[in-house]
Amino acid sequence: MTSTEQQIIRKAAAGDRVAFRQLVLEHSHAMFRLAWRISGDQSAADDIVQEAFIKAWRKMGSFRMESGFRAWLHRITVNTAMDHLRKQARVKQHESPQPGLEQLAAGASRPKIDIQIDVQVETRAAMMKLSETERAALMLRHFEGHSIKEIAQILDMSATACKQAIFRAVKKMRIELAPLVTT
Amino acid sequence: MKHITDDDLTLLYYGEHENPELPAEVAGSEELSQRFDELSAQLQGMDEWMPPARGDDYGSEVWRQIEPRLTPEYAEAGPRWKTWFAGLMQPRLSLAGALSLVLVASLAFMLGRQASQSESPVPQVQGLPSSIALSGMDTERLLTSSVSGHLDQLNLVFTQFANSPETSLAAADRATDMLVANRLYRKSAEAQGKQQLARFLAGLEPLLIELAYEAHKATPESLDRMQKEVRDTLLFRVRVMNQQLKQPNIST
């Protein structure tokens, strides 16, 4: 973290909106990508990003400069995304079942033959089959480049458990993606 | 030579391997190289999964959406209790109680482990006040009475929510505290093997999440649904469970 960044964070923690706005401008895209990959849904990701920034504003006073700000923001984003998923699951229990992401993930609505395989769709469906923790851990490692130690902190779990979550996620993804990828 | 698993290769792919000789071993073996190439190709396949594009002004758009919701009270670096009025103190007490309980329960757990290792029925640790040298029965009672207090406050929060025409950010803040406290109590219950109580507390979390993050901006229909659920189901369940906790003969 550069000294300029530290200064901006300190100002934001003291309630400076202009400084916090700078942080929002800088981190919005990355937070959207993370939120989208965990939720699998565009408008949900937009909501998650907004909620996560509001929580970050509320918690700025508790941020410790010695820990990475990006990892701290990602932790808030992941927790917000997971809460969102749980809430969605709960709301769906109250509603009549409709074809959606879950069905796509389960392969129920996918034609089995005579289609041009869309790797993007298949990858997304495979991702959605992972547990929340597996998905978040893999996202943070593969796409965001966090170390296992950082991910363990973000997800509030031990490094060993984090490693195992990534291993399980990779195994599942390989099974799903193997037919699409030739070496 | 230790057998190299796919997990080892995964760690190598992400540069997290702890065995410094692993890269050379993989490079020197045709079979391992082939396995590593296969794994790499499959993991690289995930890169096809690209998020939808967001414009250059996405950050500004996010800012426009959230700015009206950034009230000054939230950015305080110091203790927030200074600004709280009496009504808001109740949930905060619940959170503080939960944190205290977790601290005491952890200590009791450590003392318990020491005791079992030394085959002494009651843990004795020099320098610790007798009030925190707790037996299993004490921690169980502590959990029960703490959760009962928590449920009293939930009862209050749920009743207020069920009868309010609208909700506010202050109410959302209270619900956030209750959610955190609820999770800590659930973890304590799990740690003590109180599965029924843990499941009950877990069942409250989805609605607390909604109250914390959604209720203050919910549509009238959603708010109505949440309030109905609280009135018809949750308030009753909270009261019944609280009664059970206050009658020590009933197992939770």
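**Notebook: where chain A meets chain B**

I began with one pair: the side chains of Arg69(B) and Glu51(A) form a salt bridge, with N and O 2.7 Å apart. I traced both ends and found that the pair crosses between chains. Arg69(B) sits in the loop between helix 4 (58-66) and helix 5 (86-117) of chain B, while Glu51(A) belongs to helix 3 of chain A. A reminder to myself: this is a predicted model.

Next I asked how many salt bridges there are over all chains. The search of the whole structure gave 23. Across the interface of chain A and chain B, I noted nine. Arg174(A) makes a salt bridge with Asp6(B), and their closest N and O atoms lie 3.3 Å apart. I also looked up polar contacts between the two chains and got 18 residue pairs, both residues at pLDDT 80 or more.

Then I wanted to know which helices of chain A supply the side that touches chain B. Helices 1 (3-13), 2 (17-39), 3 (42-59), 4 (69-94), 6 (119-129), 7 (132-143) and 9 (159-177) each supply at least two residues. Helix 2 gives the most, with 11 residues. Sorting the residues on this side of chain A, I have 26 nonpolar, 13 polar and 17 charged.

On to the extent of the contact. I count 56 residues from chain A and 55 residues from chain B. The two chains bury about 5400 Å² between them, and 60% of that is on carbon and sulfur atoms. Three arginines caught my eye here: Arg58(A), Arg90(A) and Arg174(A) supply 15% of the area that chain A buries against chain B, more than any other three residues. Arg174(A) is also the partner of Asp6(B) in the salt bridge I noted above.

Last, I went back to helix 2 of chain A. How far apart are its end C-alpha atoms? They are only 28 Å apart for 23 residues, short of the 33 Å that a straight helix would reach. I looked along this helix and found a kink of about 50 degrees, centred on His27(A).

I checked both ends of helix 2 too. At its start, a side-chain oxygen of Asp16(A) comes within 2.9 Å of the backbone nitrogen of Val18(A). Just after the helix, Gly40(A) has a positive phi of about 75 degrees.

Conventions. Residues are numbered from 1 along each chain as its sequence is written. Chains are lettered from A and ligands numbered from 1 in the order in which they are written. This is a predicted model: local features need pLDDT of at least 70, side-chain atom pairs count only at pLDDT 80 or more; totals for chains, interfaces and linings use all residues. Side-chain values use heavy atoms; hydrogens and water are left out. Contact means heavy atoms within 4.5 Å. Buried area is the accessible area (1.4 Å probe) that two parts lose on being put together, summed over both. A salt bridge is a side-chain nitrogen of Lys or Arg within 4 Å of a carboxyl oxygen of Asp or Glu. A polar contact is a pair of N or O atoms within 3.5 Å; within protein, one must be able to donate a hydrogen and the other to accept it, and residues adjacent in sequence count only if both atoms are side-chain atoms. Helices (H or I, at least four residues) and strands (E, at least two) are DSSP runs, numbered from the N terminus. Ala, Val, Leu, Ile, Met, Phe, Trp, Tyr, Cys and Pro count as nonpolar, Asp, Glu, Lys and Arg as charged, and the others, Gly among them, as polar. The expected span of a helix is 1.5 Å times one less than its number of residues. The bend at a residue is the angle between axes fitted to the seven residues ending there and the seven starting there.
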